[in-house]
Every structure is written in C-alpha cells, then in structure tokens.
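Student: I'd like to take a close look at a single part of this model. Could you walk me through it and then place it in its surroundings?

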Amino acid sequence: MALQLRRKTHESIVYIDKDSAPRIMPNGEDFILEDIPIGTRVIYPNPPIKGLPNREAAIRYAVNHPLEMDPLYALLEPGMRVTIAMDDISLPLPPMATPDMRQTMLEVVLDMCGANGVDDIHLIVANSLHRKMTDWEMRRMVGNEIFNEYHPDRFYNHDAEDDDNLVTLGHTKHNEPLRVNKRAIESDLLIYLNINLVPMDGGHKSVAVGLCDYESLRAHHEPQTIRDSHSYMDPPASELNHKVIRLGHLVDEQCKVFHIETALNNKMFPEGYYILTRNEDEFSFGDRMKWEAMKRTFSNLPRAARRKLLHAIPAQYELIGCFAGKTEPVHERILELNYRQYEIPVKGQCDIMITGIPDISPYNVYSALNPLLVQVMALGYHFNMYRNMPLLRKGGVMIITHPCFDEFDHNFHPSYIEFFHRLLPESRDAFYLREKYEREFASNPAYVEMYRRGNAYHGAHPFFMWYWGENGRQHVGKVIAAGAENAHVPEILGWDRADNLTEAIAMARSFMGRNAEITMLHQPVIGLCNVTE
Amino acid sequence: MKKNGKAAAFYDLEGTLVSTNLVHTLGFYARRQQGLWQTAKKSVGTLAKLPFFGITDLYSRNVFNEVFFRSYEGFSQDRLRYFSDELFEEVLKPAIYDGTPELIAQGKKIGQRQVVLTGALDFTIERMMEHLGIDDYVANRLEFVNGYATGRVLPPVMASATKAKWIREYSERESINLSESYAYSDSISDLPMLSIVGHPVAVNPDFRLKQTARQHDWAVLDLK
C-alpha cells in the first residue's frame, strides 16, 4: 500500500497497524469483534454536528421565511382545502426518540392553519408502495393529541391501489406516467413534511414518489435507470433523480406544494451505545467494559430478543437545519447540510471493501432483515454511499458480515418470500424478472389486499429491492458473506460464503491478489465517501 | 387441468368471504317456522345442539355435515326457498367482509374466473353469488321428498377432500391452469383444496391453518 495513503487524511479515516485494536462490526442483530489486516483503511462516520437548540423555533422561522414562496401564513385562507403529507416509517432510521420531527413540524403547521381559519385538513402518510404504518406507529409519529384528533378519517396512509382516490397528472416529455393521491393533488395547498436523512431522500421524490401508484413507480424503479444511477446519494449523477425531477415538475404544474425539509445530524444511538461508532483504538477502560457488557448481553439472548432490543432503542437525532418553500431551492439547501454531516473525503478506491450489515434498513423497521434486504443493504445502500466514484474498484470484492438467515416477516414481506424462493433460483437477471414476473406479483389479488388492508409491502416491492442492488451487482466482481449460517441464501443471491471474516479476506485476496487494498466501512452509521483519485 | 389454461380463484365461503356460518342460516330458518310452537321448538333445538355441532366440526367436517343437515329434516322446500331472499338481505349481506368485494374485483381485473365452493345449501347462497359477481359456484343440496327435506344431503357433499376433487374435475372441464390459480379458505379442513393450487391463501385463518400457512410460506390475508 502506498505510504501516502497511510497518512492521516481525515479525522474519520484510520489505518490499521500492528498495535491496532480489533474492530467492532455489526453482524445482523449482533456485533462481533474482528481483527482486521494491517494496512486496512477504516472509514468512520463524521462526528455529529451540534443540533439546533430550539427545533420548534427553527421550523417556525423556516415557514415564515421560505425560499421562493410566500410565507405559509400568507398562503392560508379560511375555508381552503389543505393536505399535509409526510414521510413514512422508513425515515429516519431507526425511528427517532419522541417527539418525532414530524410531530414538531405538524404542531407548528397545524397551529398556523388553525390561526388562519383553515379546518379542512387531511394528514397523509406518503408511504407509496411501502407497507402502511400501523396505528401505533402513526400515533408515535405525530403524538397523542394530533392522532386522536385526526385519525382515522383525516389521518391515514396513502393507498397506491385505491383507484377511486388516485388521479392521473399525465406524462413527462420522456413519457413517464404519473398518477398520484387525489386528495393531495386536488387540495388548494399541499404541504410536505420531510426528514432528509440521506441525499437520496426529499426534493421532488417526496410527492412524485411518496404519493404515486404502481404504474408511475415502475417507470423509474427499473433496472436500467438503476444501472444509470452512479450513486443514488449523488443526485446530479443519478438517473433516478433526473426522472423524479421531471415528475416533480409535472406535480408543480398542477398543484401548489409548500415543502418543509429538515436535516438531521447522525446521532443514531443514545449515549450508552456510542462506543459502536467510535475508533476502537481510543477506547477507555470504561468503554471496553461497556462493550464487554453489551457483547455478553447480546450473546446470551436469542435472535428475536436481540432484534426486539435493538428496535426498542430510539435514535437521538437532532435537527441541524430546516428550510421551507419551493421544492428545489429548499432541497438544495438541505443537501448541503446532509453533505456537511456525512461527507468524508477519501483518496483512492479499494480492491476489497468490508462492511458489516446491521439490523437497520428502511424496509425492516420492527421486523427481520430478510435475505433480500441484506442484498439491498449491501449492494444498494452500502455500495452506493459514495460521490464521484465508487469506493470499491470495478471488479473488486465486497465482504459483508451477516448471518444471512432464511427468515421473512409474513405480515410485512409476504411477496418477498415467493420472490426469493421461487424467482431467484430461476434467474437473477433483473430485466428478465421484471419482464416476466413483476406485473404478476403487482396484480396478485392476495398481495394487493395484504398491502391495502394489512401492513404488507406491495407485491412488486421485492422486485424494486432486487433492482436497487443492480448497479452494485454490475460493478462488484464478487460478494462474500462472512459468517453466513447457511449455504443456500448466499447461493441464491449469487454470493460466496465464508465461515468468518478472516476466511473471507483470504478468499478475497486469492481473487484480487495479495497486495489488494482493503477498506472497511465502520458501520452502523451513515458516512458518505467522496472518492477521488 | 390444463397447463396453459386460464387461471381461476376458488373461494370457500363461510368465514372466508362472509362472517356467517351454516348455523346462522339454520337459526334463521328455525325462527321462521309455521306457528309459534314450531318456531320455539326449532329455535331451542338449534341452540341446544350448538355445542354438539362445535365438537363434531372439530372432529371431522364430513361428520359435522352429516349431523348438521339432519336438523333440516321436515323443513318445507317452499318455505326454505321463499325465505332465501330475506335470508340474504337480513343475514348474509351484512355479513360480507369489507375486503371481499375488493378481493373479487382484483381477481376479475386480472381475468381470473371466480368460483365459490361451499358447504352451505345451494338455495341459500344464490342471491349472494349474484351480488358478489361469482362466475360459478358449487354448494350442498338437500334431498327433498314430497316437498319436504329428508335431512340428507345429496352427494357429493362439499367438504374437505371433495372440494379438491371437484376443483380438479372442474379445471379439467374448463381448461383451468391450477398452477396459476388461487384458493382461499379460513379453515384447516380445506387444506386439500389449498394444496392443489399454485397460490394458496389463508383468509382470516383459524389457529391450525395459520400455523400451516406460516410453515409453507403461504399468504395470510385478513378481510375483516
């Protein structure tokens, strides 16, 4: 490895030498301690930016001083029809400590609506084809008072299969169709409350994706668009983002949208769990004791209990910025904050990338990270946490740590089971699967009803999850699942398996050569590598 | 059964698409006997037999059917038919689950033939089949002699394996592709019918069926 690479280039980048401590890595619902080869570059997340002292005041200031629009109070008139749409359970991750950011935004906005004589208000969760949120989750998100006043008649989930409550807006100049929630689009004012956890969130995606139907979504959630998106986290380089912007313009032509976006810091864990994000070389005696205690507790619990425990720990996110007004300028300002929090300048790609897969993803809140979601986290998210160029060199090896258990949540992910066990053994070709089976799953009456009446992801959702890994799949030479407890899950996904990380690194080196440069993404928090030559 | 035929959706009725069961129908007719004495006698008799019906159903659906339909012995055919419209309006229509029309509409949208197989009596469900837009249905038929029910059911008695057998024959006759077809039921007694299609779905399932569905990764749906 070149000596210049060994120099400390950023506070979030550490090189392993012969005195380095082993590193803590997530391994599903567990954490493991692993010795990493000397010379490995370990990338930690940036420390959290200090949160704003009074988030309610910040939100109030933003809606009173919006970008390229009149202040919210000036847009409100007595008797008008207002819809307030908001992000669903997939944001932020994990769900944040109460009061949720959406509750604070709603309190400010509803207060203003009330003061201006607006009482025809509907609150809609923009869940798109995600699972509908449960009543308990909705209550937790907006607080008791708002929930009791609006639920169920005026606070509900979007239903992408409810033909009576969807309206066609037309097509973009590239022939992408858009059909969206009727109530939202036919309102005199649509207010969108967003939590921008990562740069691929927010902007035009909020309305044009969050409130659309299956046919609209399949126009851009498809393999070629994903292949052409060179990091979802870098909007100008993302074909997906370009398509969504075109759809967003269609929305803007027919509806007045007042966007409120918030950016959070990356304070994912409460104080006691901070050791998970810190450089292990700097652990104090107390930190080591904490780790030992945590490790012992976790290793003595069954998997379901560990999952329950992890899902019960709310994130401690703090607001670092709020902007309101017209979608594009607002989103631009929020992206700047996102990058300030997450971006880590990284010099040079690597040949072998190691990343632990934690039990956190947008799609398994309060349920298991099934094999398809492990794939999404590895090739869809962790691979895409870059700007400019991928952290992993083309044809390189990605090593993940996860047990890869064959477990699915029957209520949340019913169609995933059929996709994984029936379709993937037949083909892993995303284009073939889309052509042959996507519509079949999307129109499966049982899946449609489970989405509409229950809390299941839409029948077509597992396809989108598979496409989501498409650019990663095209780029990497090999994926090795270290610590996979069975052989068939990695095999179905087209991956190799290894008993442990040491074996996986040896396998990767035999593929990439002994001098292969290794980089480890220290999970589980969000860091975005700005990779340059 | 044809490999490249069209698909169908086969539904059980009671507990699957509607919340009522055979006893509700019997109770309805028991309350509409000729004269107060007959009405009281039949109603009390039906009530008294409930635990017995429950036990026999747990033991075997076939035994239950044999025992249950004896309760119709002596009912006049005219009276049974005359009250069938009222039965639909008062008992069956309100009992249709909220999700039932949506599920059927979704099946029709993708071109599936909609077929109901039920242990209920044919004349009691005619109106409901029409109301739900069901293409074909098969139900149990009472034997009548001189206009009065004998309490026997004409074969084949629709229950358990008989439903599966009927589906196979129907599919052969109508060029239905079973691999592409769906079956919906709430009860473990319909396991044979669920097992012969490509897409079995447990609807509002009882405990045993729910466990079975989970083990086999079948979809579990709540239409209530």
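Is H15(A) mostly covered or mostly exposed, and how many of its residues are buried?

Tutor: Happy to, and please keep in mind throughout that this is a predicted model. H15(A) is mostly covered, with 12 of its 12 residues buried. Reading along the helix, the buried residues include Pro371(A), Leu372(A), Leu373(A) and Val374(A), and they also include Gln375(A), Gly380(A), Tyr381(A) and His382(A). The helix geometry is in order too: at 1.5 Å a residue, the 12 residues of H15(A) should span 16 Å, and the end C-alpha atoms are 15 Å apart, which agrees.

Let's step just ahead of the helix. Ala368(A) sits in the loop between strand S14 (350-356) and H15 of chain A. Ala368(A) counts as partly exposed because it has 19 C-beta neighbours inside 10 Å, and a residue needs 20 or more to be buried. Not counting residues up to four places away in sequence, Ala368(A) touches Arg307(A), Glu407(A), Phe408(A) and Asp409(A). As for Phe419(A), which is 51 residues from Ala368(A) along the chain, the two C-alpha atoms are separated by 16 Å.

Now for the interior. The largest nonpolar core has 223 residues, and Ile399(A) and Phe10(B) are those with the most contacts inside it. Our helix matters to the count here: H15(A) gives the most to this core, with 8 residues. Domain 1 (3-44 + 274-313 + 348-532) and domain 2 (55-264) of chain A both give residues to this core, so the core lies between them. As background, nonpolar side chains tend to be buried together in soluble globular proteins. Leaving aside neighbours within four places in sequence, Ile399(A) is in contact with Ile352(A), Ile354(A), Ile480(A) and Ala482(A), and also with Leu501(A), Ala504(A), Ile505(A) and Ala508(A). A second, separate core of 5 residues includes Ile24(A), Met25(A), Phe31(A) and Ile32(A).

That brings us to the two domains themselves. The C-alpha centres of domain 1 and domain 2 of chain A lie 29 Å apart. Their contact takes 33 residues from domain 1 of chain A and 26 residues from domain 2 of chain A. On the domain 1 side, the elements that give two or more residues are strand S15 (386-388), helix H17 (430-442), helix H18 (445-453), helix H19 (461-468) and helix H20 (470-475) of chain A. The largest share of that side, 5 residues, comes from H17(A). By type, the residues on that side divide into 21 nonpolar, 7 polar and 5 charged.

Chain B completes the picture. There, 18 residues of chain B are in contact with 13 residues of chain A. Helix H6 (100-109), strand S6 (199-203) and strand S7 (219-221) of chain B are the elements that give two or more residues to the chain B side, and H6(B) gives the most, with 5 residues. That side divides into 9 nonpolar, 4 polar and 5 charged residues.

Finally, a word on confidence. Chain A averages a pLDDT of 95, and 98% of the residues score at least 70. Do treat residues 1-5 of chain A with care: the pLDDT there is below 50, and this stretch has 6 contacts in the model beyond near neighbours in sequence. For chain B the mean pLDDT is 88, with 98% of its residues at 70 or more. The model scores ipTM 0.84 and pTM 0.92.

Key. Residues are numbered from 1 along each chain as its sequence is written. Chains are lettered from A and ligands numbered from 1 in the order in which they are written. This is a predicted model: local features need pLDDT of at least 70, side-chain atom pairs count only at pLDDT 80 or more; totals for chains, interfaces and linings use all residues. Two residues are in contact if their C-beta atoms, placed from the backbone, lie within 7 Å. Helices (H or I, at least four residues) and strands (E, at least two) are DSSP runs, numbered from the N terminus. Ala, Val, Leu, Ile, Met, Phe, Trp, Tyr, Cys and Pro count as nonpolar, Asp, Glu, Lys and Arg as charged, and the others, Gly among them, as polar. A nonpolar core is a set of buried Ala, Val, Leu, Ile, Met, Phe, Trp, Tyr and Cys residues joined through C-beta atoms within 7 Å. Domain bounds come from an automatic or database domain assignment. pLDDT is the predictor's confidence in each residue, from 0 to 100. The expected span of a helix is 1.5 Å times one less than its number of residues.
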